Amino acid sequence: MTSAIRRAPGRLLTLGCATLVATSLAGCGSVKSIAGGGDGNKNAITMGTTNVTGVLDPAGAYDQGSWLILENSFQGLLRFPAGSTAPQPDAAQSCEFSGADATTYHCTLHSGLTFSNGHPLTAQDVVFSMDRMKKIKDENGPSSLFDTVKSVEAKSDTEVVFHLAEPDATLPDKLAGAAGSIVDHQVFPADHELANSQLVGSGPYTIDSVDETAGAGGAKSIGKVTLSANAKYKGDQKLKNSKFAVKFFGSPDELKSALDSGAVDLTDNSLDPQVSAQLLTDQQLGKGTVKITQADGNDTRFLVFNTKDDTTGQLAVRQAAAQLLDRQALARDVYARTVEPLYSPVPSGIGGHSTAFYDKYGEPDVAKAKAYLTAAKVPIPVKLTLTWSRTRAQGAESAALKKQLEAGGLFQVTVNQEPDWTAFKKGWAAGSYQAYTVGWSADYPDADDFIVPLVVGGGAFHNGFDDPQISQKLVPETLRQTDRTVATSTFAAIQSQLAVQVPLLPLFQNKSFYAARPDITGVDATVDSTNVFRFAEIGRG
């Protein structure tokens, strides 16, 4: 296996305080820690989210909450403009692979760029940012995304070259995300992370203050981040507000209360799915005072099988489960149609998406499921334990899956919840669970990030699966294809193989529902399948 596909877990979807910081839901309160901005954001537009976080330094930030902040306060060489999954220049004026092997990537920066503190931003800062991230190598950070980067060279103040150990056509996508944030080498330490209150970037906003509280073991959780327009910003985003704030909440119920009271002006896709559906219905009927903006999302959820387990290690068991799964019922009855059924690991809206699992199994069919088990001489009913930790639908999701799998008496399912997210991750990594449900939020909108981290070498879910045909032949083939449209046929072949082998079952992809008070504008201008929320687009009407 090559280094390109030895990636650590990405941004696993959690709720409340279950993120990179180990705190309980009760520990989501906020104690103020000022970072130079004082209370200058009284008139800020305030966004609420349950995607809590504790680390904002780009070298250690690797969850949705932190990236929400970094994507608006730091620049990368590239960025994803609204409505596009193709990276476009940001701090760079141009970037391109040189040669046909996708191992050398050359970027030319705009001249005259500065950080918000006035320090110049040059190619040396780009080199420093990458070298620093790889040197710190935070186990919870994004450095593994750049395992293919052998070295970075500053040819001049405006020219930088990435030398790769092997082909990696997804490098531009990675550089366009928050992991590609360029940091000031005069401010950031080379060998450790900077305090949240001291961050300096060159994006459209500066971070004025960070409210933090200490949780279990001294880990910090962020309650609120306040930002203001960066007067030294030289990018192409046009700000429709001068002050923005993000509040972090411990539960969807708390967030809804804050929206109702006016404590927040808008929310991301963090509300309870039933609440989102009701708000949308109210809007369609001309009732209510909240505006809902709906968009395609690419957050996905899976039923994962431990392929080393005596029971779920049997192919017939996994195929029978695939034949029984009713995604339509799950989306309709549990998630109130706030999600879309998903029939392959790559979601709709991403190049390379297919319907491989539907093509293989079609509609739920008890007789066909029984045939898989009978042909393999698997005793019926199959005794199966399903473990879950956190989901927007709480226990309703696992209850529905249990009911579907037990159709026709083929399975006997025991459902267990592990409410502690850290313990849950340790449990699946240790192979303690037979089957378990987990969400996935991709780092960049390319089929690669919905395939490689999940099914190569056991993947982020540590389920023991690896197919040499996929990991050693097909995946390296996709990484040589800098024209990503050419890679779609290879990704289709991979997904067809996964549908046969069923190391995991794709359940659904989220729809995104953003709620806003009536005077808030611009939400529809930023929500798209990249999952990048652009503060600059939001105004107050």
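This is a guided tour of one protein chain, stop by stop, with a selection to make at each.

**Before you start**

The model is predicted, and local features need pLDDT of at least 70, while side-chain atom pairs count only at pLDDT 80 or more and totals for chains, interfaces and linings use all residues. Residues are numbered from 1 along each chain as its sequence is written, and side-chain values use heavy atoms, with hydrogens and water left out.

**Stop 1: the whole chain**

Select the protein chain and show it as a cartoon. You are looking at 14 helices and 21 strands; these are DSSP runs numbered from the N terminus, with helices being H or I of at least four residues and strands being E of at least two. Along the principal axes, the C-alpha trace spans about 70 × 55 × 45 Å. The radius of gyration is 23 Å, which agrees with the value near 24 Å that a compact globule of 541 residues would have. That radius is taken over C-alpha atoms, and the globule rule is 2.2 Å times the number of residues to the power 0.38.

Now switch on the surface. The protein chain exposes about 19600 Å², and carbon and sulfur atoms supply 48% of that area; the areas come from the Shrake-Rupley method with a 1.4 Å probe, and for residues only the protein chains shown count as cover. Of the 541 residues, 58% are buried (buried is under 20% relative accessible area, exposed is over 50%, and partly exposed lies in between, with a 1.4 Å probe and protein chains only). Among contacts between residues at least 6 apart in sequence, 73% join residues at least 24 apart, where contact means heavy atoms within 4.5 Å.

**Stop 2: strands 10, 11 and 12**

Select residues 220-229, which form strand 11. How many of the 10 residues in strand 11 are buried? The count is 7, so the strand is mostly covered. On one side, add residues 205-214: this is strand 10, which pairs with strand 11 in the antiparallel sense over 9 bridges. Two strands pair if DSSP finds at least two bridges between them. To see one of these links, pick Glu-212, whose bridge partner in strand 11 is Ile-222.

Next add residues 243-248, strand 12, which runs antiparallel to strand 11 and is joined to it by 5 bridges. Here you can pick Leu-227 and its bridge partner in strand 12, Phe-244. As you look along the strands, keep in mind that side chains in a regular strand alternate between the two faces of the sheet.

While you are here, click Val-210 in strand 10. Val-210 is buried, with a relative accessible area of 1%. Asn-196 is 14 residues away in sequence, and its C-alpha lies 6.9 Å from that of Val-210.

**Stop 3: helix 9 and the cis bond after it**

Move to residues 366-375, helix 9, and pick Leu-373 within it. Is Leu-373 buried or exposed? Leu-373 counts as buried because its relative accessibility is 0%. Beyond its neighbours within four places in sequence, Leu-373 is in contact with residues including Ala-316, Val-317, Ala-320 and Leu-410. Ile-380 is another of these contacts, and it leads to the next pick.

Select Ile-380 and Pro-381: the peptide bond from one to the other is cis, with omega near 5°. Pro-381 sits in the loop between helix 9 and strand 16 (382-388).

**Stop 4: the loop after helix 2**

Select the loop between helix 2 (123-136) and strand 8 (149-154), and find Lys-137 in it. Phi of Lys-137 is near 45°, a positive value in a residue other than glycine. Most residues other than glycine have a negative phi, and most peptide bonds are trans. At 53% relative accessibility, Lys-137 is exposed.

Ser-143 is found in the loop between helix 2 and strand 8 too, but Ser-143 is buried, with a relative accessible area of 5%. Leaving out residues up to four places away in sequence, Ser-143 touches Met-133, Lys-134, Lys-137 and Asp-138.

**Stop 5: strand 18**

Finish at Ala-435, in strand 18 (residues 435-441). Ala-435 is buried, with a relative accessible area of 1%. Show its surroundings: not counting residues up to four places away in sequence, Ala-435 touches Leu-303, Val-304, Phe-305, Leu-384, Thr-385, Leu-386 and Thr-387.
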